[in-house]
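These are my notebook entries on a structure that I went through piece by piece. I wrote down what I looked up and the criteria behind each term.

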Amino acid sequence: MRTYEGRAWVFGDHVSTDQILPGKFLDRPMAEVGHYAMAGLDEGFARRVRPGDFIVAGANFGCGSSREAAVIALQQAGVAAVIARSFGRIFFRNAINNGFPAAVIAQTARIAPGDPLRLNLEARVLTDLRSGETFPLQSLTGISQQILEAGGIVRFTRARLEARG
Amino acid sequence: MGMTLTEKIIARAAGRSSVRPDDEVWAAVDLAAMHDSSGPRRIAGTIEELGGRLWDPEKIVLAIDHFAPAANQRHAEIVALTRTWARSRALPHFYDSVGILHNVLLEKALARPGMLIVGADSHTVTAGAVGALAVGVGATELATVLVTGQMWLRVPRTVLIRFRDVRPGFLTARDMAMTVLRELRADFAIYKAVEYGGPAVDALDLDERAVLANQAIEMGAKNGIVPPTGVVLEQFGPEARDTGRPLAGDPGASYEVVHDFALADVPPLVATPPNVDDVVAAGELSGIDIDRAYIGSCVGGTARDLREAARILQGRAARVPLQVAPATSHVLAEALRDGTLQVLLDAGAIIQAPGCGACAGLHSGLLGPKERCITTVTRNVPGRMGHATAEIYLASPLTVAASAITGRITDPREFL
């Protein structure tokens, strides 16, 4: 578990996986999807985002299609984590399954575009370095926490299979 | 304390006598489903990493539905890769370019009441139509299920949506789902189970129940479930009793909340872009011209949907291009048998190959800049069917057909 620092890219409510990675790019190999991250809302996002930056969104981020490529696209583009008020459940599960931090805070509206942010996953706190405000992250529970700590569901499953013998 | 049907299915799959909301369990999966977009191309590598053995090919369903018929070389290669993998694994339930996975699961009675079904597609929830607990996951997680036969679940709280009265003949199951979205909005059910009940639900056929189950994902739900009653109980009841799978919740089941809906005063509805929950009466949009009409997708391309469209189109002609993509080849055959197809063709409809096509923004009728379409597909988020500035109005097949005739959004009662 580590600490991340980067700028905030702010989006609204109900950002769909159709916007994170539009259907017209679904036929691309997984290794290329990062070029099209957020293309449904901002075609220049993948070019302008810097490694370590954050997406900050409102309610229901990642709703809609189950396409795992939406998570992979954000990871490949260099996004360190998504912070939202709530997540579409399949996107949230895909994020954990790929070891990608998806964190819930209640007050996403207090973060402005371009704000420098620090995410401390160990202390479970997000700090807005512009305002100095801190926001506690909603805790993961049980199995989802174990999967994230294992680095994703493939490693987690391999360990389960080995334990089973 | 009694359990809801969703809770009972999880308890059985987890080998426990009972579960409560927020419990986390490992559950044995009864059926795992995937298609050419989420399937072999995305999971073959993970399966090899996990030892390469499938847990039970009999319980795995694979359909080529997204990239067929292939529109370009990239699609063709995905289809070929999928087919090659299916053959190499000798999958007994492989459906090659004959229809949409979710509809095939219901049509072939692979989905049964009381099952735990997991699929690598958000519209896997459609199988809740038979009273199964059907949930969508991503491709990598599905790969782990294909190897282990298990998935983890947090027991969701159940919301009961009850339709108390009788549905007027001009309202469809899609209007019922839009009524819920209009009142409760698109995220009321995040992480929750949505169960449907009441007299108007008990009277629905399987295609209509599939609409309600399908639209639960647009409410944010983990699953949508229609407990087996009426025609579905008649079809599946005896077998379900033999297998011991649950068919109903307990009498004292505890719901997080119960929402009652009355249908008597509900007009035909339309979800306006860009949100599934911006729902208004079709009659209020009669000034809006449309460029095209499209009937198709897992939620709007069933035999029932085609028959509903034909009710309106009988003896009339579409003024704008009307594309009809049957959900499966079986739907097309049924439309031929019962005369529906002739009515649609006489009205000027264009019949397309079965599959996801334009609904998933892949091929066979994408929308261009600012093009305006009224359609029965699943979602209207910008870019869903093509260009991000295209406008997608969602409606029942009755309303889509009526609008195709006039070239503007039209209340189907004008033609009933």
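**Domains of chain B**

I began with the two domains of chain B, and I noted that the C-alpha centres of domain 1 and domain 2 lie 24 Å apart. Domain 1 covers 5-261 and domain 2 covers 269-415, with bounds that come from an automatic or database domain assignment. The model is a predicted one, in which local features need pLDDT of at least 70 and side-chain atom pairs count only at pLDDT 80 or more, while totals for chains, interfaces and linings use all residues. Residues are numbered from 1 along each chain as its sequence is written, and chains are lettered from A and ligands numbered from 1 in the order in which they are written.

I then looked up how the domains of chain B touch, and found 34 residues of domain 1 in contact with 32 residues of domain 2, where contact requires C-beta atoms, placed from the backbone, to lie within 7 Å. On the domain 1 side, the elements that give two or more residues are helices H4 (101-107), H6 (173-184) and H8 (206-215) of chain B; helices (H or I, at least four residues) and strands (E, at least two) are DSSP runs, numbered from the N terminus. By class, this side of domain 1 of chain B divides into 13 nonpolar, eleven polar and ten charged residues, counting Ala, Val, Leu, Ile, Met, Phe, Trp, Tyr, Cys and Pro as nonpolar, Asp, Glu, Lys and Arg as charged, and the others, Gly among them, as polar.

**Chain B against chain A**

Between the chains, I recorded 40 residues of chain B in contact with 34 residues of chain A. H2, H3 (73-88) and H5 of chain B each supply at least two residues of the side that touches chain A, and the largest share, five residues, comes from H5(B).

**Two helices of chain B**

I next took H2(B) (residues 40-49) and H5(B) (residues 139-148), whose axes come within 9 Å and cross at roughly 50°; axes are lines fitted to C-alpha atoms, for helices over the stretch in contact, and angles run from 0 to 180 degrees between N-to-C directions. H2(B) and H5(B) are therefore oblique to each other, since angles under 35 degrees count as roughly parallel, over 145 as roughly antiparallel, 65 to 115 as roughly perpendicular and the rest as oblique. B:Arg42, B:Ile43, B:Thr46 and B:Ile47 are the residues of H2(B) that meet H5(B), where the partners include B:Leu142 and B:Leu146. Seven nonpolar, two polar and one charged residues make up the contact of H2(B) with H5(B).

**The sheet of chain A**

In chain A, I followed an open sheet of seven strands in the order S4-S3-S2-S1-S5-S6-S7, with mixed pairing; two strands pair if DSSP finds at least two bridges between them. S4 (102-104) and S7 (134-136) of chain A stand at the edges, each with a single partner strand, so one side of each is left without a neighbour in the sheet. S3(A) (residues 81-84) pairs with S4(A) in the parallel sense over three bridges, and A:Ala84 has A:Val104 in S4(A) as its bridge partner.

**Backbone exceptions**

Most residues other than glycine have a negative phi, and most peptide bonds are trans. I therefore noted a cis peptide bond between B:Ala68 and B:Pro69, with omega about -5°. B:Pro69 is found in the loop between S3 (60-64) and H3 of chain B.

How values were computed. Two residues are in contact if their C-beta atoms, placed from the backbone, lie within 7 Å.
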